[in-house]
Amino acid sequence: VPQPCSPLANSQAVQASSDAFPGEQFTGSITSVGSRVDPLTRSLAARAEFEKAIVMTKDMPRENFHPRFNLAEINFVEKNWPQARKEFTDLLASSNVPDSGTRRLMEYKIFICHLQEKQAAAADSMLEKFDQYDNDSPAYYFAMAATSFAKEKKEEAEEWLASASKI
């Protein structure tokens, strides 16, 4: 029997912990509450900002990357394209990107933001960063599929996705 939970509201205080900082409690506040309940888990999404994680890691560049990436990712998932693009762009400009795969992922997310913002020239510029012959990443094929979907060319997009699955 599902148990009722207390209502979530913006500005409500929350606490969390992280395996990266054993024994440390992070206090934050809810900044948005989702409107859809997952039918399987009976949960809903809520966004909380934990500024302490960023403050605690500001002098630890490699550790600081992860909370900043997560905040950018939240904006991306919530379709806040301009903010996600800005945050991923700022992260790429830093020297703290952990590896080339993460760099490619952020470039792809920036590319998607440009597409969603209807910034074709900027999206095309980002597309040039992807290498069709990179055997380690299907980013080029996924970017081409996204471009085709944006142009409402579903069959072409499906072909690009099929090519991506071969990598």
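## Exercises on helix packing around α4

The axes of helix α3 (residues 81-93) and α4 approach within 9 Å and cross at roughly 150°. The model is predicted: local features need pLDDT of at least 70, side-chain atom pairs count only at pLDDT 80 or more, and totals for chains, interfaces and linings use all residues. Residues are numbered from 1 along each chain as its sequence is written, and side-chain values use heavy atoms, with hydrogens and water left out.

**Exercise 1. Classify the packing of α3 against α4 and describe the contact.**

Step 1. Axes are lines fitted to C-alpha atoms, for helices over the stretch in contact, and angles run from 0 to 180 degrees between N-to-C directions. Helices (H or I, at least four residues) and strands (E, at least two) are DSSP runs, numbered from the N terminus.

Step 2. Angles under 35 degrees count as roughly parallel, over 145 as roughly antiparallel, 65 to 115 as roughly perpendicular and the rest as oblique. At roughly 150°, α3 and α4 are therefore roughly antiparallel to each other.

Step 3. The crossing of α3 and α4 is left-handed (the near helix is turned anticlockwise from the far one by less than a right angle; clockwise would be right-handed).

Step 4. With contact taken as heavy atoms within 4.5 Å, the α3 side includes Trp 81, Phe 88 and Leu 92, and the α4 side includes Arg 103, Ile 110 and Cys 113. This contact has nine nonpolar, three polar and four charged residues (Ala, Val, Leu, Ile, Met, Phe, Trp, Tyr, Cys and Pro count as nonpolar, Asp, Glu, Lys and Arg as charged, and the others, Gly among them, as polar).

**Exercise 2. Repeat the analysis for α4 with α5.**

Step 1. Helix α4 (residues 100-116) and helix α5 (residues 120-127) have axes that come within 8 Å and cross at roughly 160°. The two are therefore roughly antiparallel to each other, and the crossing of α4 and α5 is left-handed.

Step 2. From α4, Glu 107, Ile 110, Phe 111, His 114 and Leu 115 take part; from α5, Ala 122, Ala 123, Met 126 and Leu 127. By class there are seven nonpolar residues, one polar and one charged.

**Exercise 3. How are α4 and α6 oriented, and which residues meet?**

Step 1. The axes of α4 and α6 are 11 Å apart, at an angle of about 10°; α4 and α6 are therefore roughly parallel to each other.

Step 2. Tyr 108, Phe 111, Ile 112 and Leu 115 of α4 meet α6 residues, among them Phe 142, Ala 146 and Thr 147. Nine residues of this contact are nonpolar, one is polar and none is charged.

**Exercise 4. Is Lys 118 buried or exposed, and where does Lys 118 lie?**

Step 1. Lys 118 is in the loop between α4 and α5, and its phi is near 60°, a positive value in a residue other than glycine.

Step 2. Buried means under 20% relative accessible area, exposed over 50%, partly exposed in between (1.4 Å probe, protein chains only). Lys 118 has 71% relative accessibility and counts as exposed.

**Exercise 5. Place Asn 75 and find its side-chain partner.**

Step 1. Asn 75 belongs to helix α2 (residues 61-77) and is buried, at 3% relative accessible area.

Step 2. The side chains of Asn 75 and Glu 87 are joined by a polar contact of 3.0 Å (a pair of N or O atoms within 3.5 Å; within protein, one must be able to donate a hydrogen and the other to accept it, and residues adjacent in sequence count only if both atoms are side-chain atoms).
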